[in-house]
Structure formats: C-alpha cells, structure tokens
Amino acid sequence: EKHSAALAAWPASAGGGQQGVLAVTAACVDMLQVPMNSVVGAEGGVEGLVAPAGFQDTLLRQGACSSLVAVLENSGVLDSPGAALLPVNVLSRLVLSSTESAKQFVAAGGLNSSLVQRLLADTNPSAMLVDVLLVISQLARLPARDSFNPYESISKAAIYPNIKNALERQGLVGPLIDRCSDADKSTRKFACFAIGNAGFHNATLYEALRPAIGPLVGLLRSSEEDKTRANAAGALGNLVRNSAALCGELIRAGALHALLDTAQSQDEGAQGQSMGSTAGSNAAAPGDGGSPVSIALFSLGNMCAHRECREALLAANINMTIKRLSANPNPTVQKYLQRIQTKLQTASTAAAPPQAR
C-alpha cells in the first residue's frame, strides 16, 4: 500500500499516476498466478490447481487474499474493469482451492456490500462476473463454524437483488429446466440438484419452477442412475417445502404416485442402509447422502404437511406403502416412515371434531 501510494503521487509522464499503479499491480498479480496451473480432468473440466510444494501455503501465510481484496478496494482497478480481470480470477482460484483462503477472503472484507456491488455490475466482463459468482457459490457451500459464518456475510453483501434480476432478465430458470432432458447424464443430475436448491429457502421461484415438475417426474420414473433419481425426488419435495401452491400440479403430474413407487423399490432401500441418516436433513442438497428410496420418503413427508397432497396420498393408499416398508432394516427409511406417520396423525387429530362433554 505504501509503495502504491507513492507511485500514485509520482508524475504519470514518468510511469506513475493511476496507470503506473495499475501496471505494477498487474505485474505483481501476474507473478503470483504463474505457478498456479489448472488441472484439466478427463472430460475437459477444471478439477483443481497444481503449484510447487508449499506455494499455496505461502500465499495463505503471507495474506495473498487480503492483499488482493485491498487491491480491488484501493488501487482503482475497478475503475477499469479489464484491469480487474486478473486479480478477481486469482482470488477466485484461491478461494476455491481451500477453506482457509475463503476465510481470509471474508475476513479481509471481500464480501463488503459496496465492493461486491461493484464486482457484480452488469457492465463488467462476463469472465469477471463468472469468477465472482464462483466465489460466492463456493462460500455458500461452506459450513458455518466458530466465528466463520459465510451465510451471514453473503446476506450482508446484499446480492440477492442482483441474482434475482439476472434470473429474470436472462431467463435462466427455463434453460435450467430444459437441462433435465439434456443428452449428458451429469447435466441431468445437476439440473435436478439446482432445481431443488432453487425451491429450498422460500417459494419465490415456485411459479417459475412449475414447468419442472413433469421433467422431474419423468426422471424419477426412468432408468437414470440412483443419484439423479434421488436428486429428482428431493427437488419434488422442495417444491412443497415452503408453500402448497404447487400441490395441484404435483398431483396432476403423477409426482405423488412416482414417489410412492420409488419408495417401494426394496432393492434400493437395502442399498441406502449404509449411507447414513443425513438424507433429507439438508434438503438444499436434494438426494445428498441417501438413496432414491429414503429421499422419496422424505419428500412424501413434506407433502403430508399440505391437505391437498395429504388427501391424495391417503387415496393412493400411502398407509399400505408404510406397512410394506415397516420391515425395511434401513434406519433412515424407518426414520422417515415415522416422520410421515407423525404428520398424518397430527393432521388427523387437528381435523377431528371436538368430543361432546
């Protein structure tokens, strides 16, 4: 910072001034990233970074993330978005490479609202916007521990209007739903995952996600790999997590019957026995840690919270499904069966007429 301030005060004609600061900043950042080569996987995707032994540890120890945040805030690079491309890219690669770098980024003020708003400006180059969104997405995946709370920091950054505007302006929800029918199986799997995430926190996108119900049901009834079917089952459950607005559409599309049929796939229930009991506990990641059977049961439990779905499930003989699965040895299956029964009993008690005294 001291050198940059002195350079800024030096005559531009002698290599100083704002352009001099930008030139030196670019040279320094370029030197930092030279050893950080991307690793390209078998399918062409970037899998990570390779650097000389200890290089990334040295960057962390010397506060590289903090310095790069300071560069973005104080050097004037954001006044010339092209000059900010490299610092933002190096920052994103560091944040994606380790949790400690991510913590350093947040602690240095990388999610300060004023800075994030400038980084997400519509006029910035697409490559820069992608890097910023990668950083935010990575932070959203990290657990809150001790004094590190990425969710609180993201909320304070006030980025939700930017994301909402991008979704609406670019029409991203429609193409996302179309990816459920993509020729690539991994794309179909992650499309289900993303749709489930979009419906997890609130019902804001429910109407936009209504057309996803049919494709999700189709994947659930198909011969897709278990992870994709689990993601589809979780996404359907998330579409009733916050509101009953889509219950009618779910019933008409056969989602309830598809979930019941999936839940009765005994072979998959046995496979899920060793997967632990986390399935559905974090429905933001539908299908994560569970078989299609357990995730289908968790989603059926979500649906039992709404009268329209509950009545349709009772008409479809959900009690027979519960009885058939009662002998399943999977503890997660038993946990979610109990959850369904509790919701059905609670609703039945609430609907019962008062007893005469």
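What volume does the second largest pocket have? The second largest pocket has a volume of about 530 Å³. This is a predicted model. The report goes through its open pockets, its enclosed space, two helices and some backbone angles.

**Second largest pocket**

A set of 22 residues lines the second largest pocket. Glu1, Ser4, Thr25, Ser67 and Val71 lie nearest its centre. Three helices each supply at least two residues of this lining: helix H1 (2-9), helix H2 (17-33) and helix H4 (64-74). H2 gives the most, with 7 residues. By class, the lining has 12 nonpolar, 9 polar and 1 charged residues.

**Largest pocket**

The largest pocket has a volume of about 2400 Å³. Its lining is made of 45 residues. Ile136, Ser137, Ala140, Ile163 and Asn197 are the ones nearest its centre. Several helices each supply at least two lining residues, among them helix H8 (126-141), helix H10 (160-170) and helix H12 (185-198). Helix H9 (150-156) and helix H11 (173-178) do so too. The lining also draws on two domains, with at least three residues from each of domain 1 (1-36 + 52-170) and domain 2 (172-266 + 289-350).

**Enclosed space**

How many cavities of 30 Å³ or more does the structure hold? There are 2. The largest cavity holds about 90 Å³ of space. It is lined by 13 residues, and Val88, Phe105, Leu119, Val132 and Val135 are the closest to its centre. H5, helix H7 (113-119) and H8 each give two or more residues to this lining. H8 has the largest share, 4 residues.

The table sets out the three linings by class.

| Space | Volume | Nonpolar | Polar | Charged |
|---|---|---|---|---|
| Largest pocket | about 2400 Å³ | 29 residues | 12 residues | 4 residues |
| Second largest pocket | about 530 Å³ | 12 residues | 9 residues | 1 residue |
| Largest cavity | about 90 Å³ | 10 residues | 2 residues | 1 residue |

**Helix H6**

Phe105 lines the largest cavity, and Phe105 is also among the buried residues of helix H6 (residues 99-107). The others are Ser101, Ala102, Gln104 and Val106. What do the buried residues of H6 pack against? Their partners are helix H3 (55-61), H4, helix H5 (81-97), H8 and H9. After H6 comes glycine 109, with a positive phi near 95°.

**Helix H20 and asparagine 317**

Cys309, Arg310 and Leu313 are buried in H20. They share one side of H20, because they cover an arc of only 100° around the axis. An α-helix has 3.6 residues a turn, so residues three or four places apart point the same way. Arg307 and Ala315 are exposed on the other side of H20.

Just after H20, asparagine 317 takes a positive phi of about 65°. Asparagine 317 sits in the loop between helix H20 (307-315) and helix H21 (318-325). Is asparagine 317 buried or partly exposed? Asparagine 317 is partly exposed, with a relative accessible area of 39%.

**Alanine 158**

Most residues other than glycine have a negative phi. Alanine 158 is not a glycine, yet its phi is positive, about 55°. Alanine 158 is found in the loop between H9 and H10. Its relative accessibility is 34%, so alanine 158 counts as partly exposed.

Notes:
Residues are numbered from 1 along each chain as its sequence is written. This is a predicted model: local features need pLDDT of at least 70, side-chain atom pairs count only at pLDDT 80 or more; totals for chains, interfaces and linings use all residues. Side-chain values use heavy atoms; hydrogens and water are left out. On a 1 Å grid over the protein atoms alone, a cavity is a set of points where a 1.4 Å probe fits but cannot get out, and a pocket is an open set with protein on both sides within 12 Å along at least five of seven lines; lining residues have an atom within 4 Å of a point. Grid points are joined across faces, edges and corners, and a volume is the space filled by probe spheres set on the points. Ala, Val, Leu, Ile, Met, Phe, Trp, Tyr, Cys and Pro count as nonpolar, Asp, Glu, Lys and Arg as charged, and the others, Gly among them, as polar. Domain bounds come from an automatic or database domain assignment. Buried means under 20% relative accessible area, exposed over 50%, partly exposed in between (1.4 Å probe, protein chains only). The arc is that of the directions from the helix axis to the C-beta atoms. Contact means heavy atoms within 4.5 Å.
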